[in-house]
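These are notes for a colleague who is new to reading protein models. Please keep the structure open while going through the points.

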Amino acid sequence: MEYIPSVVQAIPGDNHTVFAYFSDGSIHHVDVSPLIARGGVFSQLSDEKLFRDTPTVLDDTVAWDISGNRDETTCIDLDPWNIYENSPVVADPLEFVA
């Protein structure tokens, strides 16, 4: 059976990146900068405070809860397959945080 990517935790990083923790234990480092540069709905994430304060997991993927009410229809989300297949796997950035 093929693994279906499912994000269980999303932690914002520096420079418009996010760490996506998957249910298989892998952690992927996602650079959202190219999406922000393209404009459209992702341009809202150029606001560093919004980017860092609103990430969450909705529908098994990284999402930004723009409205603050966990409504999937008003969030900005990423494709979990794309994250899993195209973002590098990294060590846990929280491993050494005290």
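Is histidine 16 buried or exposed?

1. Histidine 16 is buried, because its relative accessible area is 14% and the cut-off for buried is under 20%. Please bear in mind that this is a predicted model. Histidine 16 sits in the loop that links strand 1 (7–12) and strand 2. Its phi is positive, about 55°, although histidine 16 is not a glycine. Most residues other than glycine have a negative phi.

2. The loop deserves a second look. Strand 1 and strand 2 form a hairpin with 4 residues between the strands, and in this hairpin asparagine 15 takes a positive phi near 55°. The two strands pair in the antiparallel sense, over 5 bridges. One pair to find on screen is proline 12 and its bridge partner in strand 2, valine 18.

3. Strand 2 (residues 17–22) also pairs with strand 3 (residues 27–31), again in the antiparallel sense and over 5 bridges. Here alanine 20 has histidine 28 of strand 3 as its bridge partner. The hairpin of strand 2 and strand 3 has 4 residues between the strands, and glycine 25 in this hairpin takes a positive phi near 95°.

4. Phenylalanine 22 belongs to strand 2. With a relative accessible area of 3%, phenylalanine 22 is buried, because the limit for that word is under 20%. In sequence, phenylalanine 22 and serine 6 are 16 residues apart, while their C-alpha atoms are 5.5 Å apart in space.

5. How many strands does the open sheet with the order 4-5-6 have? The sheet has 3 strands, with antiparallel pairing. Strand 4 (55–58) and strand 6 are at the edges and have a single partner strand each, so one side of each has no neighbour in the sheet. Strands of a sheet pair through backbone hydrogen bonds.

6. Strand 4 and strand 5 run antiparallel and are joined by 4 bridges. Among the residues to inspect, leucine 58 has threonine 61 in strand 5 as its bridge partner.

7. Two residues of strand 5 are worth selecting. Valine 62 lies in strand 5, and alanine 63 is placed in strand 5 (residues 61–64) too. Valine 62 counts as buried because its relative accessibility is 0%. Alanine 63 is also buried, with a relative accessible area of 0%. The C-alpha atom of valine 62 is 8.0 Å from that of aspartate 79, and these two residues are 17 apart along the chain. For alanine 63 and alanine 10, which are 53 residues apart along the chain, the C-alpha separation is 8.2 Å.

8. After strand 5, please look at arginine 70, which lies in the loop between strand 5 and strand 6. Arginine 70 is not a glycine, yet its phi is positive, about 55°. Its relative accessible area is 43%, so arginine 70 is partly exposed; that label covers values between the 20% limit for buried and the 50% limit for exposed.

9. Aspartate 77 is placed in strand 6 (residues 76–77). At 35% relative accessibility, aspartate 77 counts as partly exposed. On the surface, a patch of negative charge gathers Asp59, Asp60, Glu72, Asp77 and Asp79.

10. How many salt bridges does the structure hold? The structure holds 1 salt bridge. In this salt bridge aspartate 53 is joined with lysine 49, and the closest N and O atoms are 2.6 Å apart. Aspartate 53 and lysine 49 are separated by about one helical turn, because they are 4 residues apart in helix 2 (residues 48–53). Lysine 49 is exposed, with a relative accessible area of 59%, because exposed means over 50%.

How values were computed: Residues numbered from 1 in each chain as written. Predicted model: local features only at pLDDT ≥ 70, side-chain atom pairs only at ≥ 80, totals over all residues. Heavy atoms only, no water. Patch = residues over 30% accessible without salt bridge, like charges linked within 9 Å, V, L, I, M, F, W, Y side chains within 5 Å. Areas by Shrake-Rupley, 256 points an atom, 1.4 Å probe, with all protein chains shown as cover. Salt bridge = Lys/Arg side-chain N within 4 Å of Asp/Glu carboxyl O. Lys, Arg positive; Asp, Glu negative; His and termini not counted. Charge placed at Lys NZ, Arg CZ, Asp CG, Glu CD. Buried < 20%, exposed > 50% of the residue type's maximum accessible area, 1.4 Å probe, protein only. Pairing = 2+ DSSP bridges.
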